[in-house]
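Me: Please walk me through this model. I want the reasoning behind each label.

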There are 2 protein chains.
Amino acid sequence: MKLSVRGEYAIRALLVLALNYGDDVVRIQTISDQQNIPKKFLEQILNDLKALGAVESRRGASGGYRLARPPQNITLASVVRHVEGALAPVSCVSDRFYERCTCPDEARCPIRAVMAEVREAVVKIMEQVTLADLCDRARRLQRAPQTMLDYII
Amino acid sequence: MKLSVRGEYAIRALLVLALNYGDDVVRIQTISDQQNIPKKFLEQILNDLKALGAVESRRGASGGYRLARPPQNITLASVVRHVEGALAPVSCVSDRFYERCTCPDEARCPIRAVMAEVREAVVKIMEQVTLADLCDRARRLQRAPQTMLDYII
DNA sequence: TAAATCCCTATTATGTCAATAGGGATTATT
DNA sequence: AATAATCCCTATTGACATAATAGGGATTTA
């Protein structure tokens, strides 16, 4: 039930780009510094996100990355599915990454039914939250004084 | 966002024991056959579940395993937490398996806030569903004709 | 006493993950 | 034209986790 470090880095990097949406491109080095992400590792991840159509890049001196689409158009679900794979806790309830499991009768497996509910709950959140939402939250959290934050989570 | 094979085996084995709750003990071999689980691997898992207090065993000829508590008393959350660890998608939002992440400001991390929501959604289901619920579902699914099952998921 | 079980530890094979390495291609600036 | 700064691409590594196997020991029943 875990997101890999790679997936987390991808979201953190996209958040930086989303916060700079409309401005100039952002260098890998900058993102790496701001977010404590190993630069070379981040290179791979950002490059991979181009295949998703989430980011685009400019090469050469004063090059960098920016979002290829408006932030309200990029969901967490699409990002995680692209860099990690299934959102479902077991692949036998996954829509796009389905694999048969080793249980004797999949159609009558009660565990599968529960796992399908878990999947739905996760997907519902991840498909609904966009990079624009993350930006909103980030800005709201930025304004909140430290003493308030203790009570939010 | 994935359950390991080990965790899946644990639940499948416990389901078998729950369906036989009140009867005699069940041999590893029987569970292994019914559920297509490698016997030696299953040994380790069941033994580990004793530490959780979920199962107890009788040794020797005509030995085997049975639930140590009523099935309505054993939640999926407790099982998965014991054999796998955190239910949370990232450890910085985990209650019992908390670990600080590498992001610059955890208290103001908007990603963390979303991940906390995902955690809540998963925990809500996993803490509520017990082995007794799985038994109910199993029996209901057993009665359903094949043609109905196509429409359930 | 023999057979069937659970019990325990060690080992292995495989794969994944996170990161590093090393250079190539492109572009802006001087 | 030269230089420096960036992105681009592939390969490799080291560490770790996972899934399983192996081999015997302890216990109980028949």
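**Surfaces and symmetry**

Reply: We start at DNA strand C. The surface near this strand has 7 nonpolar, 11 polar and 6 charged residues. Keep in mind that the model is predicted.

Me: What makes a residue part of the surface near DNA strand C?

Reply: Its C-beta atom, placed from the backbone, must lie within 6 Å of the strand. For DNA strand C, 24 residues surround the strand. The closest are A:Ser4, A:Val5, A:Pro38, A:Lys40 and A:Gly60.

Me: Which elements supply at least two residues each of that surface near DNA strand C?

Reply: From chain A, helix 1 (5-19) and helix 3 do. From chain B, helix 2 (28-35), helix 3 and strand 2 (64-67) do.

Me: And what surrounds DNA strand D?

Reply: 24 residues, the closest being A:Ile28, B:Val5, B:Pro38, B:Lys40 and B:Gly60. They divide into 7 nonpolar, 11 polar and 6 charged. Chain A supplies at least two residues from each of helix 2 (28-35), helix 3 (39-52) and strand 2 (64-67). Chain B does so from helix 1 (5-19) and helix 3 (39-52).

Me: How do you know how chain A and chain B are related?

Reply: Superpose chain A on chain B. The rotation is 180 degrees, the shift along its axis is 0.0 Å, and the RMSD is 0.0 Å. The two copies are therefore related as by a two-fold rotation axis. In chain A, the C-alpha nearest that axis belongs to A:Met1, 1.9 Å from it.

Me: What makes you say the same surface serves both copies?

Reply: Of the contact residues of chain A, 100% recur in chain B.

Key. Residues are numbered from 1 along each chain as its sequence is written. Chains are lettered from A and ligands numbered from 1 in the order in which they are written. This is a predicted model: local features need pLDDT of at least 70, side-chain atom pairs count only at pLDDT 80 or more; totals for chains, interfaces and linings use all residues. Copies are superposed by least squares on the C-alpha atoms of residues with pLDDT of at least 70 in both. Two residues are in contact if their C-beta atoms, placed from the backbone, lie within 7 Å. Helices (H or I, at least four residues) and strands (E, at least two) are DSSP runs, numbered from the N terminus. Ala, Val, Leu, Ile, Met, Phe, Trp, Tyr, Cys and Pro count as nonpolar, Asp, Glu, Lys and Arg as charged, and the others, Gly among them, as polar.
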